[in-house]
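User: Please take a close look at a single part of this model and set out how that part relates to the rest of the chain. A connected account would be preferred to a list.

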Amino acid sequence: MFGCLVAGRLVQTDPQQIAGDKFVFNLPDYENVNHVVVFMLGTVPFPAGMGGAVYFSFPDPVAGQVWQLLGFITNDKPSAIFKISQLKPGEGGEHPFGMMTVPQLASMAQVGVSIEPLEQLVQQTPVSGATVCAVDSFMQFTQKMLDSLYNFSSSFAVSQSQMTPNPSEMFIPASSILKWYENFQRRMAQNPHFWKT
């Protein structure tokens with residue numbers, strides 16, 4: 001049902017099933033891993049209304065297993081990339097693995113997938129810095145595009161006294177471009193997908 005790709009070098013498609021709705025991948029040599037991709041194999045979809053919460057656990061013989069929520073996958077979003085290189089051991093929160101004893105070697109981290117209702121998945125907050133998301137890169141692109149448009153159009157700015165009359169050309173006040181720029185930034189910050197409606 002699931003696969004796990006580690007930094008482009010190790011693909012696992014046979015997680016250990018530790019409960020009917022919980023699966024675990026072992027990650028050897030996790031210290032040298034920056035990103036992990038968790039994906040659906042396409043053979044078995046999630047049941048209707050369900051998805052998979054993705055967790056990460058460092059090997060920690062002192063604190064025991066501490067699981068950190070990375071994000072989730074669904075039938076509509078069948079894969080996700082997570083950045084694990086900046087995560088810190090011992091930081092975590094509530095997780096569905098509870099008091100289960102998940103066999104873990106001292107030198108291996110683990111990625112866990114827990115099948116949960118979609119409405120529950122979208123309300124969970126992943127650990128900071130784990131999600132590598134297309135929205136982030138889209139927002140970066142949008143910000144660069146906005147900056148470029150504003151800088152380009154501002155480079156043609158002239159004062160009214162410098163303008164030469166030209167009846168065939170239209171002029172747009174720089175203040176209107178600045179207002180559009182600020183409004184677009186504000187709307188992107190509130191909802192990166194506002195432009196789709």
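Analyst: In this predicted model, Y55 has a relative accessible area of 3%, and Y55 is therefore buried, since the limit for that class is under 20%. The residue belongs to strand β6, which spans residues 50-57. Across a sequence separation of 11 residues, the C-alpha atoms of Y55 and V66 stand 9.7 Å apart.

The loop that precedes β6 offers a contrast. G42 is located in the loop between β5 and β6. Its relative accessibility is 69%, and G42 therefore counts as exposed, the threshold being over 50%. The C-alpha atom of G42 lies 9.0 Å from that of N75, although 33 residues separate the two along the chain.

On the other side of this loop is β5, which covers residues 35-40 and pairs with two strands. One partner is β1, residues 2-6; the two strands run antiparallel and are joined by 5 bridges. Within this pairing, F2 is placed opposite M40 of β5. Strand β1 is mostly covered, with 4 of its 5 residues buried.

The other partner is β8, residues 79-83. Here too the arrangement is antiparallel, and 5 bridges connect β5 to β8. In this pairing V37 stands opposite I81 of β8. Strand β8 has two distinct faces: A80 and F82 form the covered one, whereas S79, I81 and K83 form the uncovered one.

A80 shows the covered face of β8 in detail. This residue lies in strand β8, and its relative accessibility is 9%, so A80 counts as buried. Leaving aside residues up to four places away in sequence, A80 touches V36, V37, V38, F72 and I73. For V38, the C-alpha to C-alpha distance from A80 is 5.6 Å, against a sequence separation of 42 residues.

These pairings sit within a chain of 3 helices and 10 strands. From the N terminus, the order of elements is β-β-β-β-β-β-β-β-β-α-β-α-α. Of the contacts with a separation of 6 or more, 73% are between residues 24 or more positions apart. Of the 197 residues in the chain, 30% count as buried. The accessible surface amounts to about 12100 Å², and carbon and sulfur atoms account for 58% of it.

The helices enter the account through the largest pocket. Rolling a probe the size of a water molecule over the atoms shows where empty space is left. The largest pocket has a volume of about 480 Å³. It is lined by 17 residues, of which S153, F156, A157, F171 and I172 are the closest to its centre. Both α2 (134-154) and α3 (174-190) supply at least two residues of this lining, and α2 gives the most, with 4 residues. By class, the lining of the largest pocket consists of 12 nonpolar, 4 polar and 1 charged residues.

How values were computed
Residues numbered from 1 in each chain as written. Predicted model: local features only at pLDDT ≥ 70, side-chain atom pairs only at ≥ 80, totals over all residues. Heavy atoms only, no water. Buried < 20%, exposed > 50% of the residue type's maximum accessible area, 1.4 Å probe, protein only. Pairing = 2+ DSSP bridges. 1 Å grid on protein atoms, 1.4 Å probe; cavity = no way out; pocket = protein on both sides within 12 Å on 5 of 7 lines; lining within 4 Å. Points joined across faces, edges and corners; volume = space filled by probe spheres on them. Nonpolar A, V, L, I, M, F, W, Y, C, P; charged D, E, K, R; others polar. Contact = heavy atoms within 4.5 Å. Areas by Shrake-Rupley, 256 points an atom, 1.4 Å probe, with all protein chains shown as cover.
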